[in-house]
Amino acid sequence: QVQLVESGGGLVQAGGSLRLSCVVSGGTFSSYAMGWFRQAPGKEREFVARISKSGGIRRLADSVKGRFTISRDNAKSTVYLQMNSLKPEDTAVFYCAADADVTDRDYYTNAKYEYWGQGTQVTVSS
């Protein structure tokens, strides 16, 4: 059974940084493109970042470009989201997701990702 476990969330002041991690078990990590999504209270889940299977292609939502960086370490079966210059509007539950498809199409949609983690809370105070 494929399992994704996020960690690294917490409370941080505006302008601060956090690094989220997502460890994948029960599958072949290198066969998945990996994504990060987030959901704030009362809002739809939205795309944040995606990284290809080998790490060569990275996608970021416009709202986080220049502030967030996605990376992966296939030897550790882990994907990371480095978040800098955090803003109160970044406050949300962040979810890690895995996509076994070979294409980069519709990378921003929930339906493309087969496996999801339980989420980790990120709260940014003003």
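**Exercise 1. Overall size and content**

What radius of gyration does the chain have, and what would a compact globule with 126 residues have?

Solution. The model is predicted, so local features need pLDDT of at least 70 and side-chain atom pairs count only at pLDDT 80 or more, while totals for chains, interfaces and linings use all residues. Residues are numbered from 1 along each chain as its sequence is written, and side-chain values use heavy atoms, with hydrogens and water left out.

Step 1. The radius of gyration is taken over C-alpha atoms, and the globule rule is 2.2 Å times the number of residues to the power 0.38.

Step 2. For 126 residues a compact globule would have a radius near 14 Å; the chain has 13 Å, which agrees.

Step 3. Along the principal axes, the C-alpha atoms fill a box of roughly 40 × 25 × 25 Å.

Step 4. Buried means under 20% relative accessible area, exposed over 50%, and partly exposed in between (1.4 Å probe, protein chains only). Of the 126 residues, 43% count as buried.

Step 5. Helices (H or I, at least four residues) and strands (E, at least two) are DSSP runs, numbered from the N terminus. The chain has 0 helices and 11 strands.

**Exercise 2. The disulfide**

Find which cysteines form a disulfide, and state which strands they lie in.

Solution.

Step 1. A disulfide is a pair of cysteine sulfur atoms within 2.5 Å. A search of the whole structure finds 1 disulfide.

Step 2. The partners are C22 and C96, with their sulfur atoms 2.1 Å apart. The angle about the S-S bond is -85°, and the link of C22 and C96 is left-handed.

Step 3. C22 belongs to strand β3 (residues 18-25) and C96 to strand β9 (residues 92-99), so the pair ties together parts that are 74 residues apart in sequence.

Step 4. Are C22 and C96 buried or exposed? Both C22 and C96 are buried.

Step 5. Turn to another residue of strand β3, S25. At 34% relative accessibility, S25 counts as partly exposed. The C-alpha atoms of S25 and C96 are separated by 13 Å, and these residues are 71 apart along the chain.

**Exercise 3. An open sheet**

Work out in what order 4 strands form an open sheet, and which of them stand at the edges.

Solution.

Step 1. Two strands pair if DSSP finds at least two bridges between them.

Step 2. Strand β1 (residues 3-7) runs antiparallel to β3, and 5 bridges join them. The bridge partner of L4 in β3 is V24.

Step 3. β3 also pairs with strand β8 (residues 78-83), over 6 bridges and in the antiparallel sense. In β8, R19 has Q82 as its bridge partner, and L20 stands opposite L81.

Step 4. The order of the open sheet is β1-β3-β8-β7, with antiparallel pairing. β1 and β7 (68-73) stand at the edges with a single partner strand each, so one side of each is left without a neighbour in the sheet.

Step 5. On average, neighbouring strands of this sheet are turned by 15° against each other, direction ignored. Axes are lines fitted to C-alpha atoms, for helices over the stretch in contact, and angles run from 0 to 180 degrees between N-to-C directions.

**Exercise 4. Aromatic rings**

Describe the aromatic pairs that involve Y113, starting with its partner F37.

Solution.

Step 1. Rings of Phe, Tyr and Trp (its six-membered ring) pair if their centres lie within 6.5 Å; planes under 30 degrees apart count as stacked, over 60 as edge-to-face and the rest as tilted. By this rule there are 7 aromatic pairs.

Step 2. F37 and Y113 are edge-to-face, at 5.1 Å centre to centre and 80° between the planes. F37 is in strand β4 (residues 33-39) and Y113 in the loop between β9 and β10 (115-116), 76 residues apart. Both F37 and Y113 are buried.

Step 3. Y113 and W116 also form an edge-to-face pair, with 6.1 Å centre to centre and 65° between the planes. Y113 has a relative accessible area of 4% and is therefore buried, whereas W116, with 26%, is partly exposed.

Step 4. F37, F47, Y107, Y108, Y113 and W116 form one aromatic cluster.
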